[in-house]
Amino acid sequence: MRSKLFVLFALLVSMSMVLAACAPQPAATPEKIVETVIVAGTPQTVVITPTPEPKPEGPKVLRMSFGYGDVPTLDPAVAEDTSSIQVINEAFIGLTQINEVTNLVEPGMATAWERVTNDDGTETITFHLRNDVPWVRWNGEAVETVKTCDGSADRMVTASDFAYGIQRHLTPATASPYAYLLGFVLKGASDFNNGKTDDFTTVGVEVVDDQTIKLTFVAPAVYNEQIAGLWVARPQPRWVIEGDCDGAVEARGERWTETGFFQGYGPFIMSEWVHDSTLTIVKNPFWPGTDNIPSPKLDQVVFHMLDESAALAEYEAGSLDTAAVPGTDLDRIKSDPVLSKEYYNGVNLCSYYYGYNTIAPIVDDVRVRRALSMAVDRQSLIDNVLKGGQTPAQWFSRPGLAGAPTLEDHPDLGIKYDPEKAKTELQSYLDEKGLTADQLDLTLMFNTSSGHQQIAEAIQQMWKDTLGVNVKLVNQEWAVYLETVKGANTPQIWRMGWCPDYPDANNYLREVMASNGSSNPTDAQGKPLGGLTWFNQQYEDLVKQAAVETDPQKRVELYAQAEQILVYDDAAIIPIYWYARNTVTKPYVVRTFGTGGQEALEKWDILPH
Amino acid sequence: MPEVLLDVQDLETQFRTSDGIVYAVNGVSFHLQEGETLGIVGESGCGKSVTMLSLLRLIPSPPGKIANGKALFLGQDLLTISDEAVRQIRGGQISMIFQDPMTSFNPVLTIGRQVSEPLEIHLGMSHKEALNRVVELLDLVGIPNAQDRINDYPHQFSGGMRQRVMIAMALSCNPQILIADEPTTALDVTIQAQIVELVKRLRDEVGMSVIWITHDLGIIAGLADRVAVMYGGYIIEEAPVKELYSHPQHPYTIGLLGSLPRLDRKQHHRLTSIDGLPPVLYEKPHYCPFAPRCKFAVEKCRKENPSLEKYDTSHYLACWVDTETGSER
Amino acid sequence: MTNDNVLLRVEDLVKHFPINQGIIIQRQVGAVHAVDGISFDIHRSETLGLVGESGCGKSTTGRTILQLYRPTSGHVYFDEIDLVNLKGNDLRKMRRRMQMIFQDPYASLNPRMTVGEIIGEPLVVHTISHGKAIERRVAELLELVGLNPAFANRYPHEFSGGQRQRIGVARALALQPDLIVCDEPISALDVSIQAQVVNLLEDLQKQFGLTYLFIAHDLSMVRHISNRVAVMYLGIIVELAEQNELYDNPYHPYTQALLSAVPIPDPSVEDRRRRIILEGDVPSPVNPPSGCRFRTRCKFAKEICSVEKPEWREIQPDHFVACHFAGELG
Amino acid sequence: MGRYIIRRILYLIVVILVVSMITFGLMHAIPGGPFSREKALPEETIKMLEERYHLDDPLWKQYVDYIYNVLIPHFSTTAPTNSLQDDFLVNAKIGNVWFRWMNFGPSFKSRSRTVNDIFRDNLPISAQLGTMALIVALVIGMPLGILAALKQNTPWDYLGMGVAILGVSVPVIVLGPIFVWIFGVELKWLPPTGWGASPPYLLGFLPSELGWEFFRYAIMPSIALGLGSSAIIARLTRATLLQTVREDYIRTARAKGLQERLIITRHALKNSLIPVVTIIGPMFAALVTGTFVTELIFGIPGMGKYFVTSITNRDYPVIMGTILLYAVFLVIANLFVDIIYAYLDPRIRYD
């Protein structure tokens, strides 16, 4: 296992530095640039081989795909999916910025901030904002700044805009699916959001002056800085939404994100959105450019809304500059002399797991749960079924998240493939009950999809081969499945996956697995409703403690202990694999590879070709 | 001696079906003289319609095939002349009317369009000229308001009127021969009488020859000069009309006449039915095709197929048995 | 007048088929006057022939008598019981005693049922017999109509038209009915086969004392098989008499024309016959002519014919006719 | 005819009511709702969302409101707003009164769009694709069928029918990627994906520029989508033509001495078209609405995917909208078929 261990954090952190190195020499001969990057203590060598060919300079247009289906929204107040957030991240910079590769917190619109723990146990963070960022819009031909009502000056992004954004997000009528994320951390936000009060001053948001905003959080948690920078706390142009200047600016309501109305201020601004087809963002020349959020080198990015296979075809036809590689095409891409050079396999911060209904017959015994978990040959599943360079998961919180243990520090943490031990565990259970393995009546349920089906069948076979257990496979349509899994009739074993809302272990271990987490729902009295149907006081204490622990090293240890309970001691879930991303990129594209599902397009460039 | 218009010799027609080859017409010979009306009588499947369709080469091919024979019309063999030549004759010198006046008209074209077609093809009229002629023809066959009705569709006419239109169409090019294939079978008896009268009148006015195919011995009795009886793809008896009805010789002819009740007779006698079923011939019979149903049949009937021989002056017969004595001829 | 010998008495039978029109609510805008007030009776073991041209309402009459169509008005007494007022089980019981033979032996037999099932069906429906008893009865019936009892397992398409009509006869006989309505039973058959079926019907009548209503357009055959004959024209009966009387002394001009139109298979007779050729077609039953229905085609028609409906009168003993001038015409 | 059309339109209302009621019932009966998430939303959030979309009303009220919004014309003196709740498909100003009709509601999934937006933006593309596919189906199918029928049991027949069987048995999901690969990626003759027209549309549904650029994009998907239908048409044309040439009136035409060419063109074709026309109605409806796979493969921003994704997303207004659209489409397509019928066959008269 260990010899096969991937170097997980091998990421191209300082691509911008690389770019700086080669950008001034557009006509240079091919050159090898070797950069050593250290992320979370892991040294990794990165090799980039640009092959520039001189060509008349035109606008630099990058073409990529969003996946099939329309972008649901560009409104930060209601967004909940990766494509929406990708555009929002380019058009509205948050107070803080999460580095797309390292997932560390960096300055965003706030250049600096101070954290103060108050006497009542709450934490106030004072953010100091830039004063040089104007609101802009696409006027059909070019990006222009938005003027104030009297037309004398540009509308600048101010603390009030942030306060408005947060307020609109939390307003019940907005019905934001993600308002609870703020409600979870921001003082008074939950009550306001639930309609218990309509007085926004009770919420921990205080505009000190145009460049200063104070946010008060319920507790001094590490992730407060992250959440403060998320799309849930971004400005929105009040004057477009509600109208302004005595009717001179028309109220667009919820349609303010449409082509022609949209306004933003980030490095890119949306210029055209052809629903279900393409969405175009253009460089905002008024974005001042900061150390970590530079002024874009690309002039335009066109997102096509294409299915993965269609996108790959367009890529191969030369009409897209980068595309994801669907699992069915991986072997072909890897063996193609050209495409294999354009291929990149990297990290994606998601986890794939099976959960147990820990009160269901048979799997209510931890020995059975552990045996089944240890009988899963994760590496073999990856090599033979998934084939996409995924990592066998030993626990749930994906390494790379803030606070999550890493394989380097905790090589033996969690659970691994161990057929012998699996057999012993199961035998002990069987002996006690006086049963044989083939008498166990077990059901595994997953949502209908050929991918999940293949994985389930492979694991079913592993259980059969190693333990002699016959597990029935059942599948249901997604929405029905969600009801089933999280309801009273949760099957014995069920499938789920998780990607981060914000890259912190808290978003995994507490928000998903702890009591009343999304995979462990409870009623108002805290009584388990379904999912894991699991409660462990020690686990609850650990994840609560870790949330407010400020020492990163200690925090990781606390999460490591919690993981050990989750996947081994109580074995409430079977961690299966940690996701990877498979991408092809044209050689003339200089880029970084985001790990949390988002790209920092302002760092990208297209070389002459 | 009147001129022989049509002389059919040894006509054989076969159909390829999924059950095998059906021998529909098995060597039929007859002739038609100028101004003469020939009746051809037989039950369904006896080959009477196929014979007529064969000599105009209207048999769908495949599955039909004319295997043998000649059909001399004014000296040229209709079965060997070019497609184009036979097309010129159809509807021009020889025309046909069919049994079902509903299905025999194209439901989606107007009557005017359909009746004018032969005029345009054979007489080279323009469509307008042809339409004028159509009105005259419809008048001739007794269609009221002909001028208004040429734009009507077939379904707007009653059965009898449709058959009148059919006759008008058949007669439009003054044919020398009119072949009428059971033209009154689908009609009511009073309408049938109208049509028969109409054809008789036109025949006498135009002086054309008629071949009238029917299963109804009654109609033929008052219409034909000469009658041929068909069975199993053969003509089994042929005679002038009075001779045939007064002295039928073939057991089948006798049975057929006996199985018909007569409107003009009182006696409530039992009908003499012919047992069994008409044959479907999957092979060319080497015995008399009627033998299985014949109550006079002798040994020879089941071994040898009689050919049509002269029985009396202009009375021809294909039978081994003398029905009066019951002995072999 | 009651007559013990009368099996079926039809009084003023009317059957109109409504013509509906309307965008949402359908309202009746007219009616097809298929049967427009007819009366007659049929004696036990008698054959009443009902002749007329297509569309005259003779088939509708047959079906309405059997209550396959419910009459618009009028009465149908079967053994003095008025069928018109019967419903459900009572009607079903009566129906057992009345059967029908249809014109088209191809269409009236379910192609997916074996001959045995077809013939046995009435027995099952009316729960007369079960299991083996049905098989025995089917075999008996097949034999009766001149078919090999071994054919019970075959399907209708394996039979010729005449044989199929025999199957239809066997099905009708299964319940030992008193009355059989024969609706054009032979018109789809070949000439030589027609005689077979007619002879069979006659034999069965003798054997079982059956009563027939024989509906046909073939006047020769009707004359042959019937004891009495009724002539229908456009929904009404114009003349009814004993067969020889009707054929020898037709009073109604329509009957006269109809009889004269029938060809006789004898050239010497045909040569001497004078045909009465009727002009035009039968008028539409939606708007039948006023007064006498036949007046539009009748060369004797006078003023009164369009005004007054001719009376149904007995012009000779047992000879009824509906014509103003019956007996006065040459 | 006019009376008939009015009746069919009234019938359409009945269809809409019945279909909407069944769909509405089924939609709410299946487990899972529009706000089911992998990460379960807090109860309060769900309550907020349900309130926003009036899902907290009793079902009957939701249905009545829906029908009221969709079917009943609204009149108001105030101008339409930009609100997603206030988006009507038909907006007309008569005098100073606004006539507004058919509000299908906002989409739950696309937070800044309404069902009417989807109809306006995506339906025209599906209509364009469906029409092109139908043209392909007819242009390929009919000649193939006629050829096969006229040359029955010859190599022409076998070739035609072989192509037809291939067309039926090779679905878009196989044919599409092959097309993309050969003509888009390898030969680079045509763009692998995309559509050559975008809003605004001429008359609301026609591409504003009907040039080569439009057809470049339309060729592959239209053929891929239309080929299956062309096979059906070819087989049907062949079968009906073969049947028609055996009709009595064709024999009559031959007996009149008509030339073969005239017999086919004048006497046989029009009659054999009738059954073909019959299937064109439902076929067109299917081609316009059943294009999910084609759109997926060729990256076409059409309507087809909403038939599928609206159900997985439990996007109630979109489910209702798409299904009603399909029902209306089917009824109207069949109405057109009936009208063409009456033109082709004089025996058919409606009143």
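Here is a short tutorial chat on reading the contacts, one sheet and two buried residues in this predicted model.

Q: Where do I start with four chains: which chains does chain A leave untouched?

A: Start by sorting the pairs that touch from those that don't. In this case, no contact joins chain A to chain B, and their closest C-alpha atoms lie 47 Å apart. Chain A and chain C don't touch either, with 42 Å between their closest C-alpha atoms. Chain D is another story: 52 residues of chain A are in contact with 48 residues of chain D.

Q: Okay, how much area is buried between chain A and chain D, and what share comes from carbon and sulfur atoms?

A: Look at the total, then at what it's made of. Between chain A and chain D, about 4,100 Å² is buried, and carbon and sulfur atoms give 55% of that. On chain A's side, Tyr68(A), Glu254(A) and Arg255(A) supply 19% of the area buried against chain D, more than any other three residues.

Q: How many salt bridges cross the interface of chain A and chain D?

A: Here you're pairing charged side chains across the boundary. The rule finds eight salt bridges across this interface. One to pull up in your viewer is Glu80(A) with Arg37(D), where the closest N and O atoms are 2.6 Å apart. For polar contacts, the count between chain A and chain D is 22 residue pairs, with both residues at pLDDT 80 or more.

Q: Which elements of chain A give two or more residues to the side that touches chain D?

A: Map the touching residues onto helices and strands. For chain A, those elements are β13 (268-274), α8 (308-316), α15 (478-485), β21 (493-498) and α16 (505-513). The largest share, five residues, comes from α15(A). Sort that side of chain A by class and you get 22 nonpolar, 12 polar and 18 charged residues.

Q: Let's try chain D against chain B: how many residues does each chain bring to the contact?

A: Same recipe, another pair. The contact takes 19 residues from chain D and 24 residues from chain B. About 2,100 Å² is buried between them, with 59% of it from carbon and sulfur atoms. In chain D, the residues that lose the most area to chain B are Arg251(D), Lys256(D) and Arg266(D), together 28% of what that side buries.

Q: Which side chains meet in a salt bridge at 2.5 Å, N to O?

A: That's Arg266(D) and Glu117(B). The count between chain D and chain B is two salt bridges, along with 12 residue pairs in polar contact, both residues at pLDDT 80 or more. Element by element, α9 (248-255) and α10 (260-289) of chain D each give two or more residues to the side that touches chain B, with α9(D) giving the largest share, six residues. By class, that side of chain D divides into six nonpolar, five polar and eight charged residues.

Q: Moving inside a chain, what is the strand order in the open sheet of chain A?

A: With a sheet, read the order, then the direction of pairing. This one has three strands in the order β9-β8-β12 of chain A, with antiparallel pairing. β9 (143-145) and β12 (263-264) of chain A are at the edges with a single partner strand each, so one side of each has no neighbour in the sheet. Strand β8 (residues 136-138) of chain A is joined to β9(A) by three bridges. For the register, check Arg137(A), which stands opposite Glu144(A) in β9(A).

Q: Last topic, single residues: is Ala174(C) buried or exposed?

A: Check the relative accessible area, then look at the surroundings. Ala174(C) comes out at 2%, so it counts as buried, the cut-off being under 20%. Ala174(C) is found in the loop between α5 (161-173) and β7 (179-183) of chain C. Leaving aside neighbours within four places in sequence, Ala174(C) is in contact with Ile119(C), Pro122(C), Leu123(C), Arg137(C) and Leu141(C).

Q: And what about His319(C): buried or exposed?

A: His319(C) is buried, with a relative accessible area of 0%. Its place is in strand β12 (residues 319-321) of chain C. A polar contact of 2.6 Å joins the side chains of His319(C) and Glu239(C). Beyond four places in sequence, the residues in contact with His319(C) also include Leu240(C), Asn249(C), Tyr251(C) and Arg313(C).

Terms used:
Residues numbered from 1 in each chain as written. Chains lettered and ligands numbered in written order. Predicted model: local features only at pLDDT ≥ 70, side-chain atom pairs only at ≥ 80, totals over all residues. Heavy atoms only, no water. Contact = heavy atoms within 4.5 Å. Buried area = accessible area lost by both parts, 1.4 Å probe. Salt bridge = Lys/Arg side-chain N within 4 Å of Asp/Glu carboxyl O. Polar contact = N/O pair within 3.5 Å; in protein donor to acceptor, adjacent residues only side chain to side chain. Helix = DSSP H or I, 4+ residues; strand = E, 2+ residues; numbered from the N terminus. Nonpolar A, V, L, I, M, F, W, Y, C, P; charged D, E, K, R; others polar. Pairing = 2+ DSSP bridges. Buried < 20%, exposed > 50% of the residue type's maximum accessible area, 1.4 Å probe, protein only.
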